[in-house]
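Here are some exercises to work through with the model open beside you. Try each task before reading its solution.

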Amino acid sequence: MLIEFKSVTLERSGRTILKDLNLSLVQHRIGIIGDNGAGKSSLARLINGLLTPSDGEVWIDGLNIAGRLTEVRQQIAFVFQNPDNQIVFPVVDEDLAFGLKAILPHARDRQARIMEVLGVLDMQDLAKRPVAQLSGGQKQLVSLAGALCRSPKLMILDEPTAQLDLRYRNRLQSILSELPQQAIVLTHDLAMLETFERVLVIDKGHVVHDATPSVAIAWYERRCQA
Ligand SMILES: Nc1ncnc2c1ncn2[C@@H]1O[C@H](COP(=O)(O)OP(=O)(O)OP(=O)(O)O)[C@@H](O)[C@H]1O
């Protein structure tokens, strides 16, 4: 997908969060890094219409997303930093099935898809578990499974490794490397992005660096040491 920010400014509660952003995002793997509060999540939420620009426009594949939110959200899966924002139903497979209802009308097909994706994540044993009994990392994986089940055109992952142990963090990295879809990853786990095509550094609502991972990460690390 081609995601374009055209002179986008975002204000919330009277504060300018993002200022006059002009961006064209088309690469298969894009990382977004920056300090806490820099504006990464806000930028990502503009892409699927969870936030609306105060000024300017966000376009996807040549069309302004304003007024096309249902269509845009069918194509873009957003995995939130806090999985509690995403998981609605009390049992894992019920929650995953709900997200699939519009795509797979037959319960048997939904269950097959769910077990396939849980298998990829090596977490089939969680299918019948109550969500309330899951650890933070397991909930993060259920959110990820929900996104993968729907095979969206674009996945936006906000801090996907924040609660994962090393084994699952590495598994996520390998899943991402094989995922056919486009992905935008917001993270403080800089090593995750080494194989990406492009990394943006956000600071105080501006894109302050935009380069290949090795260049952008080295720039950001130097800046953090200064
Ligand atoms: N509802 C809101 N009203 C006012 N300001 C907000 C609101 N939500 C977020 N902000 C502010 O917007 C700024 C950017 O927040 P955002 O969550 O986009 O940052 P981030 O780069 O994703 O941070 P982190 O790495 O800590 O997740 C922060 O200063 C935050 O306090």
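**Exercise 1. Find the residue of strand 2 that stands opposite E11, then place its sheet and the helix on it.**

Step 1. E11 faces T16 in strand 2. Strands here are DSSP runs of E with at least two residues, and helices are runs of H or I with at least four, all numbered from the N terminus. The model is a predicted one, in which local features need pLDDT of at least 70, side-chain atom pairs count only at pLDDT 80 or more, and totals for chains, interfaces and linings use all residues. Residues are numbered from 1 along each chain as its sequence is written.

Step 2. Strand 1 (residues 3-12) runs antiparallel to strand 2, and 7 bridges join them. Two strands count as paired if DSSP finds at least two bridges between them.

Step 3. Widen the view: an open sheet of 4 strands has the order 2-1-4-5, with antiparallel pairing. Strand 2 (15-25) and strand 5 (63-64) each have a single partner strand, so one side of each is left without a neighbour in the sheet.

Step 4. Helix 1 (residues 40-47) packs on this sheet, touching strand 1, strand 2 and strand 4 (55-60), and its direction makes about 125° with that of strand 1. Contact requires C-beta atoms, placed from the backbone, within 7 Å. The angle is taken between N-to-C directions on a scale from 0 to 180 degrees, with axes fitted to C-alpha atoms, for helices over the stretch in contact.

**Exercise 2. Decide which residues of helix 1 are buried, and what follows the helix.**

Step 1. A residue is buried if 20 or more other C-beta atoms, placed from the backbone, lie within 10 Å of its own, exposed if 12 or fewer, and partly exposed in between.

Step 2. By that count, 6 of the 8 residues of helix 1 are buried: K40, S41, L43, A44, L46 and I47.

Step 3. After helix 1 comes G49, with a positive phi near 75°.

**Exercise 3. Describe the shell around the ligand.**

Step 1. The surrounding residues are R12, S13, R15, I17, G34, N36, G37, A38, G39, K40, S41 and S42; each has its C-beta atom, placed from the backbone, within 6 Å of the molecule.

Step 2. Strand 2 and helix 1 are the elements that give two or more residues. Helix 1 supplies the largest share, 3 residues.

Step 3. Sorted by type, the shell has 2 nonpolar, 7 polar and 3 charged residues. Here Ala, Val, Leu, Ile, Met, Phe, Trp, Tyr, Cys and Pro count as nonpolar, Asp, Glu, Lys and Arg as charged, and the others, Gly among them, as polar.

**Exercise 4. Trace the sheet of 6 strands and locate D158.**

Step 1. This open sheet has the order 6-7-8-3-9-10, with mixed pairing. Strand 6 and strand 10 (206-211) stand at the edges, each with a single partner strand, so each has one side without a neighbour in the sheet.

Step 2. Strand 6 and strand 7 (residues 154-158) pair in the parallel sense over 4 bridges, and A77 has M155 of strand 7 as its bridge partner.

Step 3. Strand 3 (residues 29-34) and strand 9 (residues 198-203) run parallel, joined by 5 bridges; G34 stands opposite I202.

Step 4. D158 sits in strand 7 and is buried, with 21 other C-beta atoms within 10 Å. Leaving aside neighbours within four places in sequence, D158 contacts S41, A44, V79, F80, Q81 and L186.

Technical notes
Contact = placed C-beta atoms within 7 Å.
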